[in-house]
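Q: I'd like a close look at a single helix and what surrounds it. Could you walk me through one slowly, and then show me how it fits into the rest of the chain?

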Amino acid sequence: MKSVTLSTLRDLKSRGEKFTCLTSYDATFTHLMGEAGIETILVGDSLGMVVQGQDSTLPVTVPDMAYHTAAVARGNKGRALVIADMPFMSCVRLEDALSGARTLMQAGAHLVKLEGGLWLKDTVVQLARGGIPSCVHMGLTPQSVNVLGGYKVQGRGEASERLLAEAIELDQAGTALFVLECVPTELGRRISQAVSAPVIGIGAGPHCDGQVLVLHDMLGMHTGKPARFVKNFLAESQDGIAGAFRAYVTAVKAGSYPAPEHCFE
């Protein structure tokens with residue numbers, strides 16, 4: 001696989017070709033993902049739950065993220081586009097966002113992911129001025145779970161128009177990528193069509209430009225009930241973990257994942 005850049009993803013979107021993303025937190029899994037053709041890798045603050053054993057993503061720090069981003073970068077060999085999460089409360093003040101993003105980029109990320117909505121607009125602009133592209137995570141934002149009142153589907157009813165309008169304005173401000181989580185399928189379609197930046201969905205329907213899953217989820221390594229959008233690809237693999245990664249790539253590109261049972265109406 002040739003090195004994947006933001007231009008690669010924009011070209012795929014323009015041609016209507018789907019791309020894949022998985023979370024990774026170390027060099028070995030990252031290497032296997034690259035061999036399987038995964039185009040983008042998210043160093044997610046989900047590591048707080050699946051690696052550190054925390055109850056949520058909130059305890060994760062910028063140094064935690066930098067450590068795992070550096071490990072992923074070493075295993076990546078320049079193949080996939082590496083996205084690193086900005087952890088809880090690291091983007092509320094602009095100076096913190098600039099400092100944290102610089103740390104993650106110097107650790108090996110190609111862009112940083114921010115959770116929120118239109119209030120991130122100025123941060124997106126300032127990061128871009130400094131040479132740091134942003135991925136904005138909208139819909140269900142786990143860092144705001146205490147405000148949202150739990151892990152619930154977002155963007156229903158009147159909220160759908162607000163999310164759409166915010167995504168369009170953030171796109172115009174220069175957002176390089178979007179992650180859209182746990183929204184109705186129709187909203188996922190509308191946002192993906194309305195913005196120029198590629199949209200990566202997780203529980204956002206099949207019309208998004210790409211799909212992402214948490215590594216442990218797609219390998220069936222659950223400590224509780226899996227979310228509706230999760231599919232165990234290891235269960236179908238005839239070639240272990242490497243085969244599960246290849247099956248995931250095949251399913252996303254063929255449009256068989258996500259299926260209707262993985263989506264919200």
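A: What follows is a tour of helix α8, then of its surroundings and a few other spots in the chain.

Keep in mind that this is a predicted model. The chain contains eleven helices and eight strands, and α8 covers residues 159–172.

Start with the length of α8. Its 14 residues reach 20 Å from the first C-alpha to the last, close to the 20 Å expected at 1.5 Å a residue. Just past the helix comes Gly 174, with a positive phi near 110°.

Now, which residues of α8 are buried? The list is Ser 160, Leu 163, Leu 164, Glu 166, Ala 167, Leu 170 and Asp 171. They sit on the same side of α8, because the arc they cover around the axis is only 165°. And what do these buried residues pack against? Their partners are α6 (121–129), β5 (134–139), β6 (177–181) and α9 (185–194).

Let's follow one of those partners. Phe 178 falls within the β6 range, 177–181, and it touches Ala 167, Leu 170 and Asp 171, which are among the buried residues of α8. Leaving out residues up to four places away in sequence, Phe 178 also touches others, including Cys 135, Val 136, Met 138, Val 195, Pro 198 and Ile 200.

Phe 178 leads us to the core. The largest nonpolar core has 80 residues, and Leu 177, Phe 178 and Tyr 248 are those with the most contacts inside it. Helix α11 (residues 240–254) supplies the largest share of this core, six residues.

While we're at α11, look at Ala 244, which lies in that helix. Why does Ala 244 count as buried? Because its relative accessibility is 0%, and buried means under 20%. Setting aside neighbours within four places in sequence, Ala 244 is in contact with Met 218, Leu 219, Phe 233, Leu 234 and Ser 237. After α11 you come to the segment that holds Pro 258, and a cis peptide bond with omega of about 0° joins Tyr 257 to this proline.

Back to β6 for a moment. The loop between β6 and α9 holds Cys 182, which has a positive phi of about 50° even though it is not a glycine. Cys 182 counts as buried, at 6% relative accessibility. Another residue of this kind is Met 89, also not a glycine, with a positive phi of about 65°; you'll find Met 89 in the loop between β3 and α5 (94–107).

β6 and α9 turn up again when you look at helix α1. In α1 (residues 6–15), Leu 6, Leu 9, Leu 12 and Lys 13 are buried. Down the axis of α1, these buried residues fall within an arc of 120°, so they line one face of the helix. On the other side of α1, Ser 14 and Arg 15 are exposed. The cover over the buried residues of α1 includes β1 (19–23), β2 (40–43), β3 (81–85), β4 (111–115), β6 and α9. Check the ends of α1 too: Thr 5 caps the N-terminal end, with a side-chain oxygen 3.3 Å from the backbone nitrogen of Ser 7, and Gly 16, with a positive phi near 75°, follows the helix.

Two histidines are worth a stop. His 68 is in helix α4 (residues 62–76) and is buried, with a relative accessible area of 13%. Apart from neighbours within four places in sequence, His 68 is in contact with Tyr 25, Val 43, Leu 47 and Val 51. His 216 lies in helix α10 (residues 215–218) and is buried too, with a relative accessible area of 14%. With the same kind of neighbours left aside, His 216 is in contact with Tyr 25, Val 50 and Met 221. The C-alpha atoms of His 216 and Leu 47 are 10.0 Å apart, although 169 residues separate them along the chain.

Finally, zoom out. Of the 265 residues in the chain, 55% count as buried. Among contacts with a separation of 6 or more, 62% are between residues 24 or more positions apart. The C-alpha trace spans about 50 × 40 × 40 Å along its principal axes. A compact globule with 265 residues would have a radius of gyration near 18 Å, and the 17 Å of this chain agrees with that.

Notes: Residues numbered from 1 in each chain as written. Predicted model: local features only at pLDDT ≥ 70, side-chain atom pairs only at ≥ 80, totals over all residues. Heavy atoms only, no water. Helix = DSSP H or I, 4+ residues; strand = E, 2+ residues; numbered from the N terminus. Expected span 1.5 Å × (residues − 1). Buried < 20%, exposed > 50% of the residue type's maximum accessible area, 1.4 Å probe, protein only. Arc of directions from axis to C-beta. Contact = heavy atoms within 4.5 Å. Core = buried A, V, L, I, M, F, W, Y, C linked by side-chain atoms within 4.5 Å. Polar contact = N/O pair within 3.5 Å; in protein donor to acceptor, adjacent residues only side chain to side chain. Rg over C-alpha atoms; globule rule 2.2 N^0.38 Å.
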